[in-house]
Structure formats: C-alpha cells, structure tokens
Amino acid sequence: MQNHIHRKVRNLSVSLFEHIDTGIIGIDGKPFVNMEPYVDTSRFDQLHEEVLLAFSKIGPSNFPKVSGERPPQMRELEGCLPYEDNYLYSLDEEDLQVDFLSSMSKTQRRRYLFYSGKISLPWLFSLQLKRNNFYNKTKSSEVYPEWEPEVCHFPKLMSWLKTLPFSSIGRVVFFGTYPGVEVPIHRDGVVSSHRDHCINFFFDRSRPSYVYNCETKTKVYLPDKIRAYFFNNRDYHGVDAEPVFRYTLRVDGVFTDELINQLKLTEKGLIPCS
C-alpha cells in the first residue's frame, strides 16, 4: 500500500505520498458517477452569473496545493515542474533557501515558488466558502467557522446548497483556472477505494475532466455534457486546458443515507475499473 510521508526540513513541514502504479479504482469500479439526477440543475445558469459577479468583486487569490506528485511518465514531459511539497522535500536542510522560505507564510511561500518557476500549482486559485482541514474535509469542523465571510456574495448559491443530498457538509470550495492552463494531474490522497463523498459542479458547461490509468497510460474522460459528478479523488485526475477562464465548485461532506442507497455505494476495497 502507498505510504504517506512526513518530513521536517528544519521548521518547514512536508507531507506527501509515494507514487504507485495502479489502474483506475473509481467508485465501485466506475470512473465517474453522474450526479445530475440527484441535484437541482435548473438553477445552474443563475448560479453561474452569481459566481462570476462574486469573483469579480472578491478577486480570489489563494493558491491551493496537493501532496504527492504526477505519475513518472507525466513528470518526464518538457517543462513539468514539481508540486510544492515535492520541491521542499528535495531541499537539503543546509540549503540557504530554507531560512528564506521559512520566514514566509504558507501562501506567500507558495506564491513565491510559483512566480519564480520552481513549482506548479494544481489549480491557479481557490476560494473557500466553508473551510476545513484537507484530510477531514468531509466532516464538520470544530476548528473553522461555519461559513467564511465571502458567502455574503453568494445568496443564491447558499440557498441552493441546502438542497444537495448531503447529511452534512464539510467543505465548499471553488477552484479556478485561466485560459490555456490545464489542471495538471494529481491525487488528493493515498490510493484507496472511495472514502470521500463529494460532488464537482460546472454551472455553465462541462469540462474535459479525466481520471488517469497508470497501467495503460491513458486518460478516461468524464462523459460529455455532464455538469455534476462524483469520482474517487484518490485516482489520478486532471482537466485539459481550455481557451477561456473556467472554474469548478467542489462540495465535500457525507451523503444522505437515501443517496448512498440509490447509488448502491459499497466499500469493497480496491476494485480496478475494467
């Protein structure tokens, strides 16, 4: 099984997980689950307009990160840069950079490493409406406030979130990408059967999202026109570049018992997709 690695480079904390070659684990053997039948899609156009207006007012600038790295064959591509933790993990404790980077906040450090061409980012910005610890993102948080102040810009969205088939919501976050920029391939955690109930939403139109099969070295794409889906975020995944600004809304939590039964979700262990 894949190992989760923790290391201190002096006072810099590094957390990542080793790569292992696997097929697509999926959700009980399925790369994607279409969630449109279980959510209210009738408001998507209105929500899209509200989101764009809110982004224009807020100007989201938080840079997200992931632990782990691309598959080896993807790392060999020209111009492929490591993610933040992999870069920090490679630093020697005596490296003069360590003191310099240690003096910055996490966000400042991430910006600096990105601007200086040392790392790549899985997304170019994120905006959290409900914050949570990354590794407990499906659970209600006792540390962070119930909702972030920015929710005042999203009244329609906040009303709509109450209609989703979650018994509880742990995290609500937007991820944005700029024209011509891909969401590079990454994993959200160690390889596992599905554990994280979540739904990804595209309010305006579908995106070229995919999960990656390391054994066959192929991308398996989300079926065209689907704008709400559930997938195993422990599989390698990404989004191809598009010619305009795009964003994804991710809601993490615990599905209702009714939805779990409708989806016939099980925990059968590692079941590679055929």
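1. A useful term to start with: a salt bridge is a side-chain nitrogen of Lys or Arg within 4 Å of a carboxyl oxygen of Asp or Glu. Lys65 and Asp85 fit that description, for their side chains meet with N and O 2.4 Å apart. Lys65 sits in the loop between α1 and α2 (72-75), while Asp85 belongs to helix α3 (residues 84-89), so this pair ties together parts that are 20 residues apart in sequence. Lys65 is partly exposed, at 30% relative accessibility, whereas Asp85, at 2%, counts as buried. Please keep in mind as you read that this is a predicted model.

2. There is a good deal more of this kind to find, as the structure holds 14 salt bridges. One of them joins Asp196 and Arg234, with 3.1 Å from N to O. Asp196 is in the loop between β6 (183-186) and β7, and Arg234 is in the loop between β10 and β11 (237-239), so the pair ties together parts that are 38 residues apart in sequence. Here both partners are tucked away from the surface: Asp196 is buried with a relative accessible area of 11%, and Arg234 counts as buried at 12%.

3. A pair to look at just before helix α1 is Arg43 and Asp40, which form a salt bridge whose closest N and O atoms are 3.0 Å apart. Arg43 counts as partly exposed, with 26% relative accessibility. Asp40 is also partly exposed, at 23%. Elsewhere, the salt bridges form a network that links Asp204, Arg205, Arg207, Glu242 and Arg246.

4. Helix α1 deserves a visit of its own. The helix covers residues 44-58, and at 1.5 Å a residue its 15 residues should span 21 Å; the C-alpha atoms at its ends are 21 Å apart, which agrees. Just after α1 comes Gly59, with a positive phi of about 65 degrees.

5. Which residues of α1 are buried? They are Phe44, Leu47, His48, Glu50, Val51, Ala54 and Phe55. Viewed down the helix axis, the buried residues of α1 fall within an arc of 165 degrees, so they line one face of the helix. On the face turned away from that buried side you will find the exposed residues Asp45, Glu49, Ser56 and Lys57.

6. What do the buried residues of α1 pack against? Their partners are β4 (125-130), α6 (155-161), β5 (166-177), β7 (197-201) and β12 (246-255).

7. This leads to the largest nonpolar core, which has 36 residues. Within that core, Leu157, Trp160, Phe174, Phe201 and Phe203 touch the most other members. At least two residues of this core come from each of α1, β4, α6, β5, β7, β10 (228-230), β12 and α7 (257-263). Helix α1 gives the most, with five residues.

8. To explore the core from the inside, try Phe203. Setting aside neighbours within four places in sequence, Phe203 is in contact with Phe44, Asp45, Leu47, His48, Val51, Leu157, Trp160, Arg227, Tyr247 and Leu249. Apart from the largest core lies another, of 14 residues, with Tyr87, Leu88, Leu91 and Leu124 among them.

9. Now for some backbone details. Most residues other than glycine have a negative phi. Lys225 is not a glycine, yet its phi is positive, at about 80 degrees. Lys225 is found in the loop between β9 (218-221) and β10. Is Lys225 buried or exposed? With a relative accessible area of 67%, Lys225 is exposed.

10. Lys264 is another residue other than glycine with a positive phi, in this case near 55 degrees. Lys264 lies in the segment after α7 and counts as exposed at 64% relative accessibility. As a last landmark, the C-alpha atoms of Lys264 and Trp147 are separated by 31 Å, with their positions 117 residues apart along the chain.

Conventions:
Residues numbered from 1 in each chain as written. Predicted model: local features only at pLDDT ≥ 70, side-chain atom pairs only at ≥ 80, totals over all residues. Heavy atoms only, no water. Helix = DSSP H or I, 4+ residues; strand = E, 2+ residues; numbered from the N terminus. Expected span 1.5 Å × (residues − 1). Buried < 20%, exposed > 50% of the residue type's maximum accessible area, 1.4 Å probe, protein only. Arc of directions from axis to C-beta. Contact = heavy atoms within 4.5 Å. Core = buried A, V, L, I, M, F, W, Y, C linked by side-chain atoms within 4.5 Å.
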